[in-house]
Amino acid sequence: MKNKVAVIALSLCALFATALMPAQANEIPVINDGGPLAPIELKGPGGRIHGADISRWQHPNGKLINFVKMRAAGLNFVMIKGSDTRDDADALARKWLRIDREAAHAAGIYTGFYHYAILPNVPTKTLVIKDAEAQAQKVLWRIASIGGLTEKDLPIALDIENKCVKYRPSKTCAKHASQSTVTTWSETFLRIIKEKTGRVPIIYSYSNFLESSMKRSTELAQYPLWLAHYKVNPAIETNHPGMKNSGCYVHSWTAADCKAQWTMWQYTSCGIAPKYGVPGNRLDLNVFRGTPEAFAALRKGTWTPEPADLMPIGEPSVMTIKSVTFSNTNRPLVVDVDVMRPSLAPVVTGSVKFVQDPANPMNVSLKQSALRATSGSWTLSVAGIPAGIWSGQIVYYDNSDTHATSSQPITVTIEQALTTPTPKPTKKPTKKPVTDGCRGQIKN
């Protein structure tokens, strides 16, 4: 018996070790940087360095951005969405990242990358830190996949503007993260990015969020602030972002005179997209606060990833079913699931689903939803299961192929409900008044 246990243990170790070794097909990418560093032009409002930020929304119907036209229109930098906590949005960011970065560099435009963060719904500081570590890992893998950072790249930015951690079926927020959670998570994420890349990362948000959702932190104050503030014209020298009509926003970047200590200012979401070679109608526009020398200082230092920094391919995963709740046909099956990496850290990407046993099909359509509580932890809800005893698998899958599929068998007994739920009357959709999202905004 001891020999068999030893063989199994050695086999598992070998499996994990093999998965952690870089595959030949996963060698460090080589980036064609498009030539020497481009000159900086002060063509933005107020004689500042002008830039934009883009995501998959700037690629309607798969259209490409004309970065040559963007550069000719006076934009010197573009912040590209590189990653997202949500798997569906992250897949679209991954699709366009390399294309946009290479085309921007070739046109003489400097690039930066931002991560859109969704905070975890967890009860302890330890678990908050664990989620921040997992999301930082996703970002590092993503940037490593495009060859790291060069002097044509600005630092990585954290987009932190949403503190909802639990939604109602109506899509309204049922629970918000505490100030301590938002602050601890942000400090952890930014610290990891700084230590790994050697660059001081940027934080993106807006003043009301910084004041109401985060604690004042000297650690956070060291990071450059990319501030969103619309309907204030940056071409007027006396205008500043992050100021109330009366009183003072109080957060980590508030100066003694109430002015925010900002580095980049997103001054409109209503830039005239075609003017800058961007498909569609609207474009976020930004200005950089400072001289070309200050802009160059942000880009100092390169980060060249080593093979160990690259995203694994098919890394083994281990699933644990924490709880199963089921009762009758009126209620969904609810399964709480954790999925871990060989290091016992949570998986970074992927989701879970219920797969019926093909030998005993239900012959009905099931309605499934997997709500992410934190990295590697989901609550799976499966509605529409008929009465009976059914078997199947809870399956973890990862469309990015970072982590391998894993599963656990499950058998459920569903009783026939004594009453059939009364269908709710269908509400006639009410027409929402048409609002102009660009009213009062700068339309450059």
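Leaving aside neighbours within four places in sequence, threonine 85 is in contact with His115, Tyr116, Ala117, Ile118, Gln135, Lys138 and Arg372. The model in which these contacts appear is a predicted one. Threonine 85 itself sits in the loop that runs between β2 (75-84) and α3 (87-106). With a relative accessibility of 6%, threonine 85 falls under the 20% cut-off and so counts as buried. One of its contact partners, glutamine 135, also makes a polar contact with it, side chain to side chain, at 2.5 Å.

Next come two of the helices. Helix α4 (125-145) is made up of 21 residues and covers 30 Å between its first C-alpha and its last, close to the 30 Å expected at 1.5 Å a residue. Right after α4 comes glycine 147, with a positive phi of about 95°.

Helix α5 spans residues 179-197, 19 residues in total. From first C-alpha to last, α5 reaches 27 Å, which is close to the 27 Å expected at 1.5 Å a residue. A good stretch of α5 is tucked away: Thr181, Val182, Thr183, Thr184, Trp185, Ser186, Glu187, Thr188, Phe189 and Leu190 are buried, and so are Ile193 and Thr197. What do the buried residues of α5 pack against? On the strand side, their partners are β3 (110-116), β4 (153-159) and β7 (202-205); on the helix side, they are α4, α6 (207-213) and α7 (218-221). A glycine follows α5 as well: glycine 198, with a positive phi near 75°.

That leaves the disulfides, of which a search of the whole structure turns up 3. With the bonded cysteines of the chain numbered in sequence order, the pairing reads 1-2, 3-4, 5-6.

One disulfide joins cysteine 164 to cysteine 173, with an S to S distance of 2.1 Å. The torsion about this S-S bond is about 105°, so the disulfide between cysteine 164 and cysteine 173 is right-handed. Cysteine 164 has a relative accessibility of 4% and therefore counts as buried.

Another disulfide is formed by cysteine 248 and cysteine 258, whose sulfur atoms lie 2.3 Å apart. Here the S-S torsion is about -130°, so the disulfide of cysteine 248 and cysteine 258 is left-handed. Both cysteine 248 and cysteine 258 belong to the loop between β8 (225-228) and β9 (264-272), with 10 residues separating them. Is cysteine 248 buried or partly exposed? At 22% relative accessibility, cysteine 248 counts as partly exposed.

The remaining pair is cysteine 270 with cysteine 438, their sulfur atoms 1.9 Å apart. A torsion of about -95° about the S-S bond makes the disulfide of cysteine 270 and cysteine 438 left-handed. Cysteine 270 is in strand β9, while cysteine 438 is in the segment after β17 (406-414), so this disulfide ties together parts that lie 168 residues apart in sequence. Cysteine 270 is buried, its relative accessible area being 4%. Cysteine 438 is buried too, with a relative accessible area of 10%.

Methods. Residues numbered from 1 in each chain as written. Predicted model: local features only at pLDDT ≥ 70, side-chain atom pairs only at ≥ 80, totals over all residues. Heavy atoms only, no water. Disulfide = S-S within 2.5 Å. Buried < 20%, exposed > 50% of the residue type's maximum accessible area, 1.4 Å probe, protein only. Helix = DSSP H or I, 4+ residues; strand = E, 2+ residues; numbered from the N terminus. Expected span 1.5 Å × (residues − 1). Contact = heavy atoms within 4.5 Å. Polar contact = N/O pair within 3.5 Å; in protein donor to acceptor, adjacent residues only side chain to side chain.
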